[in-house]
Amino acid sequence: MSEVVDPAQPVHPHIDNSLHAEHGTSYGHVKGEGVDTSHGAILYLEDITVSFDGFKAINKLNLDISVGELRCIIGPNGAGKTTMMDVITGKTRPTSGTAFFGQTMDLTRMTEYDIAHAGIGRKFQRPTVFEQHTVFENLELAMKMNKKVRPTLFFKLTLEQKGKIDDILKLIRLNGQEHRLAGLLSHGQKQWLEIGMLLMQEPQLLLLDEPVAGMSDAETARTAELLNELRGKHSIVVVEHDMAFVTEIAQDGVVTVLHEGSVLAQGTMQQVQADERVIEVYLGR
C-alpha cells in the first residue's frame, strides 16, 4: 500500500507546509490582499466538530490549505464535505474547534457577508446566475465595488473594469457570448459564468462544489483547463465525485479523502487510490 499522510496530525497556524513540500509544490508566491498568509497557508481548520442532534456531521476535522493551492476533496455521500464548506463560509457554526482564514481571521466569529467580503467565494453545485440578464451584465453585477444606491445609479464602467470583464470572458470561454442572455446558456456555460462572477469579486479562496456535475465530456475537459489556469492565482478547494476530472486537476497535488466527518487519507491521487481504506469505503474494487 502506498504511503499516505497521517490525517490525525493536528493543524496549527505555524506549520511549515511540509506536506506540500514533500510533493514538490510551493504556493507561497501568491499573497492574499488583507489576509495574513505569512506562514504560507490561507485556511486552517483544527478539530472542527459539527453536531446535529447528537449526529456528528464533522468529527474533529483537521485541514489546511496553502496559498495558491488547488486542493481536491473526495469522499462518499454523507462524509461531511458540504458541512465543511458551510463552516468555512459561516453558514454553519461548528460545535467546537477553530477555523481561520489566514493567521488572524476567525471564521467562527464572522458573518457570511463578512467572510465573503474578506475574500472567500463559494460556488454551489447548481449554477445561480441572473438568467434575464446578459453574460456581460452578470459579470458587471458581480463586480466588487460600492453597491450603495447613489454610486450604482450613476455607475459607468471604466476602461480598466471593462478590460477586466473582457479578460474573464476569455478565461471562462464565453467571449463572443457576452450579449447572450444567461438563461439561454448550456448547463456547462452557466457553471463557467458563475465561476466568472466569483472571480469578479477577487476572492483569495474559491470553494467549488461538484463543478462538473451534469456537464458533457467536452465541457468537463474545458472546466479542467479553466481550473488549471487558475492554479496558483487563487487558492481553490474542489469537492468532486468525478474521479477522472479529479485526476486531471489534482496533478501531483494533495487530495484529501473525507469519511464520517474526518480525514480518512491524504496524499497524491495515486497514493489515495492505492489506499486500502479508501478503496473499501469509497472507490470500490
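## The six-stranded sheet

In this predicted model, six strands form an open sheet with mixed pairing, in the order S6-S7-S8-S3-S9-S10. The edges are taken by strand S6 (120-123) and strand S10 (262-267); each has a single partner strand, so one side of each is left without a neighbour in the sheet. On average, neighbouring strands of this sheet are turned by 20° against each other, direction ignored.

Strands of a sheet pair through backbone hydrogen bonds, in either a parallel or an antiparallel arrangement. Strand S3 (residues 70-74) and strand S8 (residues 235-239) run parallel and are joined by four bridges. Within this part of the sheet, Cys72 stands opposite Val238 in S8.

## Helices on the sheet

Helix H2 (residues 81-88) lies across S3, S6, strand S7 (205-209), S8 and strand S9 (255-259). Relative to S7, H2 runs at about 150°. Helix H11 (residues 276-283) also packs on the sheet, where it touches S3, S9 and S10. The direction of H11 makes about 125° with that of S10.

## The H6-H7 pair

Two packed helices are described by the angle between their axes and by the distance between the axes. For helix H6 (residues 159-171) and helix H7 (residues 187-200), the angle is about 145° and the axes are 10 Å apart. The crossing of H6 past H7 is right-handed.

From H6, the residues in this contact are Lys164, Ile165, Ile168 and Leu171; they meet Gly196, Leu199 and Met200 in H7. Sorted by class, the contact has five nonpolar residues, one polar and one charged.

## Ala221 in helix H8

Helix H8 (residues 217-230) contains Ala221. Is this residue buried, partly exposed or exposed? Ala221 has a relative accessible area of 39%, and therefore counts as partly exposed, since that class lies between the cut-offs of 20% and 50%.

Ala221 and Glu248 are 27 residues apart in sequence, and their C-alpha atoms are 8.7 Å apart in space.

## The chain as a whole

The protein chain has 11 helices and 10 strands. Of its 285 residues, 52% count as buried. The chain exposes about 13,600 Å², of which carbon and sulfur atoms supply 50%.

Contacts can also be sorted by separation in sequence. Among those between residues at least 6 apart in the protein chain, 69% join residues at least 24 apart.

How values were computed
Residues numbered from 1 in each chain as written. Predicted model: local features only at pLDDT ≥ 70, side-chain atom pairs only at ≥ 80, totals over all residues. Heavy atoms only, no water. Axes fitted to C-alpha atoms, helices over the stretch in contact; angles between N-to-C directions. Helix = DSSP H or I, 4+ residues; strand = E, 2+ residues; numbered from the N terminus. Left-handed = near helix turned anticlockwise from the far one by under 90°. Contact = heavy atoms within 4.5 Å. Nonpolar A, V, L, I, M, F, W, Y, C, P; charged D, E, K, R; others polar. Buried < 20%, exposed > 50% of the residue type's maximum accessible area, 1.4 Å probe, protein only. Areas by Shrake-Rupley, 256 points an atom, 1.4 Å probe, with all protein chains shown as cover. Pairing = 2+ DSSP bridges.
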